[in-house]
Each structure stands twice: as structure tokens, then as C-alpha cells.
Amino acid sequence: MEDNAVEEILFGKSVFRNEATLLSEYVPPRLPRRQHEVMRLAQNFRPLLIRDGAFAVNVAIIGEAGTGKSALAKFVMEKIAQAASKKGIRILFEYFNCYTFRTKSAVLRNLLTEHFHILSRGFSDEELLSMLVKRLVSENAKLIVVLDEAPILGGEEILSMLHAPEVYGFGQSRISTVVISRPSEWRVMLSAPLSGHIHDQINMSSYDKEDLLEILRYRADMAFIPGVVPEEILQMAAEIAASTRNARHGIEILYQAGKRADSDGKSQLTADMIRHAKESVYPELRYDIFYTLKSHEILTALGIARSLNSRGSTSTTIDDAYDYYRLVCEEEGFSPQLKPSFRKNATLLLNLGFMGLIVGPVEKGKRGRHGRITLYDIPASILEERLHDILSRLKKGGLDGTD
Ligand SMILES: Nc1ncnc2c1ncn2[C@@H]1O[C@H](COP(=O)(O)OP(=O)(O)OP(=O)(O)O)[C@@H](O)[C@H]1O
Ligand SMILES: [Mg+2]
């Protein structure tokens, strides 16, 4: 019986023809409604393909959530890589999500190891940068670094990477950058320090319903078996995503609805499945960023979600969340870290904006103000479910050090 059930899942029918194309890291072979931006970004980097020697360009891509900034950067970098290799020009690329690479030294060390196999612990940032530049010169190579979620790294850190004449010599830079940010963070944190160094700023307008409809139709054709997603269902998903103007919102709704169709053994998406999916998709919750977290950071988030869920409360304390964290660790086969590390992880989650802190009144007999942790808008049960998915992907992939 049990065996049959598993076989059913593994060999049973699915509405998907290629479900992986709906995952956030997938970059599609076309970006409808962004032809103009694709051309413009490519145009910016054209000189790297025709000019020999040192040349660098810095471009900013600015737009609200789900407007295709990350997709645009990855898409165009891929095209440049193909063109460079055809022409026999050495252009190196690296994409960084600054949620994972949170400091300049992390970025530089990664560049040195990935491209030049140099293990570079124990050097200062200046030394790292100088090593990198020397290698680029000696190998006559140019480098394009994409800094996604750039505000996490901060203006000063980025600036010192773009602008180090003492390292490069005037006009001799070989490191180009693509800096990606949401508009408000760009204005507050990056535009002032970087303004004189950005050669072009590409503003990504938010999508309207027509844009979303075309994008979703394209993505659905790629992901689903023909006939699975009727036109009125696409319209409905586009309508919902138009409320946030975020393409990710619409794509996740289609994905969740498809999952439901499969689990219910249905061969078409229905309005009910879309309505249901709508309830479980929170475009403000950045799953793609959750994937950048380390296992104990996810376990910490799980502990917090579980504690909120179990108490049915809207906020919890560090102590309570820590107890649940230990429980979750045991269930998942991890050995729990001590409370100070837990506290550090919780602070990180707060700083990254996954959770909020309510600072309460000073309690009698206690020093300082004790915050209570809360979740914005997202039900704890949904968060818990998603975190479990992410953790199991992490475990399967074996990607993770357990630090
Ligand atoms: N024009 C488009 N055509 C096809 N897919 C698109 C298009 N624009 C965005 N997408 C898809 O929508 C999702 C969100 O896009 P992306 O991650 O690039 O947004 P973003 O602007 O980087 O958002 P955030 O600020 O939240 O990081 C991705 O799955 C992406 O592939
Ligand atoms: Mg992005």
C-alpha cells in the first residue's frame, strides 16, 4: 500500500512539464517586456568586448520587488559570457547575492578563490583587492561583478571596490560592476556615495496587468503541459499579481496552484486552486533569500515560527523561541547551538527584515528593555511550512556547513 502511494507520486501524472522553470533561481531564455532594458545593459558592456586592455563600467539596476532586476542581470551576463568566449576575450563574471556575501572581504576572497584558486585568509581588504587587480592585469582579463541586494554591503564598501586609483592607476580599472537595489534603499544608502561612479542607471518600472499576463503566459507555457492552464486562469493570476506589480507573486501562485492540481490528481488548474494558492503566497516573504541562510539560521527562524505557532500568539520571547529551537534541532537531527549563538542568529534575521522586534516596557528587576519577536503579515504556520521545505532542500543538497 505504502509502496503504491510512493510509486503514484514518482510515476503518476503531473500537470508540469518542467516544474523547475518556476523556481526563483531559474533564468528563462527570454525576458518578455524587458527587451529595452536587456539591450541597454548589453550596450553598456559592449566596450568590454571590443576594447583591449583596461576598461570598466558600473551600472545600477533599480526597481521594486519582482520587476526582474536579478533576472535581467543574470540574463545579460550570460549573453556577454557567450559573446566573450566566441571572440576569445577573457571576461570573468561573478554574481553575488549580498545576503550571502555580506562584506567586501567575503566578496573579494570568493573572487580570488573562484577564479584564481588563491586561498586568501589573513589578508586585509586592500591586499586582497591589490592581489585581484594584479592577477587581472597579468592575465589580461576583465571582471564583471554583479552585486545583488547591494544595500546589505553598503555604499562605502562598494565604493572602495570601484574606486581605488592607488591600486589601479588612473583609467586602469578592470573591475566592472552591476549594482542592484530597490529604489528606497538606493536613495537612502547608495546613491550619494556611488553617484559619481555609476555610468548608467537602469530604472525598472513595475509591471502592470498586461505585462504580467504576457510574462505569466510565457512562463506557464514553459512549465506546464499544454492545455493545463486555461486563459481565464492566467488572467486571474495576472490580476492578483497586478495588486503587487510583482512578477514573482504571479509565478509563485501558478507554481502553488500546479502543486495542488498534482496532489488532487487533477489535470487542469482551476479558479479554486488559484484562490487557494493566493492565500499561501506572500510576495513580501523572500524565499529566495531564505535559501541563502545557513542551517542554524533557518533552524532559528523555525524555532521562532514554531513558538509563535504553538502559543497561537503574535509575539514571542527569545527564551521561549530558544526552547522550540532546541526541539526543532532534535527533530531535524542537528545539535543545538548555545543561546548566545541563537541570539546572534535571531538578531541577524531581525536585521535582514525577516522578523520584527517589539520593544516592550522595562520589566521590574530586569536590566534593559526586552524585545518580543514578531512576524510581519505572514502566518507562522505558513512560514514554518516553507522553512521546512527550505531546510530539506538544504539537507538534500548537502550544500551547507552547519555553522
Ligand atoms: N520580463 C520577465 N519575463 C519573464 N520572467 C520574469 C520577467 N521579469 C521577472 N521575471 C521572473 O519573475 C521573478 C522575479 O524576478 P526577479 O527575481 O528578477 O525580481 P527582482 O527585481 O530581482 O526582485 P527583488 O527586488 O525582490 O529581488 C523571477 O522568477 C523572474 O525570472
Ligand atoms: Mg532580485
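In this predicted model, the second largest pocket holds about 550 Å³ of space. Its lining is made up of 27 residues, and Tyr99, Arg182, Glu284, Arg286 and Leu352 are the ones that lie nearest its centre. Sorted by character, the lining of this pocket comes out as 13 nonpolar, 6 polar and 8 charged residues. Two helices, helix 8 (183-194) and helix 16 (339-351), each put at least two residues into that lining. As for how such spaces come to light, rolling a probe the size of a water molecule over the atoms shows where empty space is left.

Next come the strands. Strand 1 (residues 58-63) runs alongside strand 5 in a parallel pairing with 5 bridges. One of the residues involved is Gly63, whose bridge partner in strand 5 is Met204. In a regular strand the side chains alternate between the two faces of the sheet. Strand 5 (residues 200-204) shows an alternation of its own: Asp200, Ile202 and Met204 point to one face and are buried, while Gln201 and Asn203 point to the other face and are not buried.

Strand 3 (residues 142-148) is where Lys142 is found. Is this lysine, Lys142, buried or exposed? Lys142 counts as buried, because its relative accessibility is just 3%, with the cut-off for buried set at under 20%. A polar atom of the Lys142 side chain sits 3.1 Å from the backbone oxygen of Leu48. Setting aside neighbours within four places in sequence, Lys142 is also in contact with a range of other residues, among them Arg51, Asp52, Phe55, Arg90 and Arg174.

Pro32 is another buried residue, with a relative accessible area of 5%, and its place is in the loop between helix 1 (2-11) and helix 2 (35-50). Pro32 and Tyr218 are 186 residues apart along the chain, yet their C-alpha atoms are separated by 7.9 Å. Not counting residues up to four places away in sequence, Pro32 touches Tyr218 along with Glu214 and Ile215.

Finally, a couple of loop residues have backbone angles worth a look. His117 is not a glycine, but has a positive phi of about 50°; this histidine, His117, belongs to the loop between helix 4 (104-116) and helix 5 (125-138). Glu149 also has a positive phi without being a glycine, with a value near 55°, and is found in the loop between strand 3 and helix 6 (155-162). As for accessibility, His117 counts as exposed at 68%, whereas Glu149 counts as buried at 13%.

Key
Residues are numbered from 1 along each chain as its sequence is written. Chains are lettered from A and ligands numbered from 1 in the order in which they are written. This is a predicted model: local features need pLDDT of at least 70, side-chain atom pairs count only at pLDDT 80 or more; totals for chains, interfaces and linings use all residues. Side-chain values use heavy atoms; hydrogens and water are left out. On a 1 Å grid over the protein atoms alone, a cavity is a set of points where a 1.4 Å probe fits but cannot get out, and a pocket is an open set with protein on both sides within 12 Å along at least five of seven lines; lining residues have an atom within 4 Å of a point. Grid points are joined across faces, edges and corners, and a volume is the space filled by probe spheres set on the points. Helices (H or I, at least four residues) and strands (E, at least two) are DSSP runs, numbered from the N terminus. Ala, Val, Leu, Ile, Met, Phe, Trp, Tyr, Cys and Pro count as nonpolar, Asp, Glu, Lys and Arg as charged, and the others, Gly among them, as polar. Buried means under 20% relative accessible area, exposed over 50%, partly exposed in between (1.4 Å probe, protein chains only). A polar contact is a pair of N or O atoms within 3.5 Å; within protein, one must be able to donate a hydrogen and the other to accept it, and residues adjacent in sequence count only if both atoms are side-chain atoms. Contact means heavy atoms within 4.5 Å. Two strands pair if DSSP finds at least two bridges between them.
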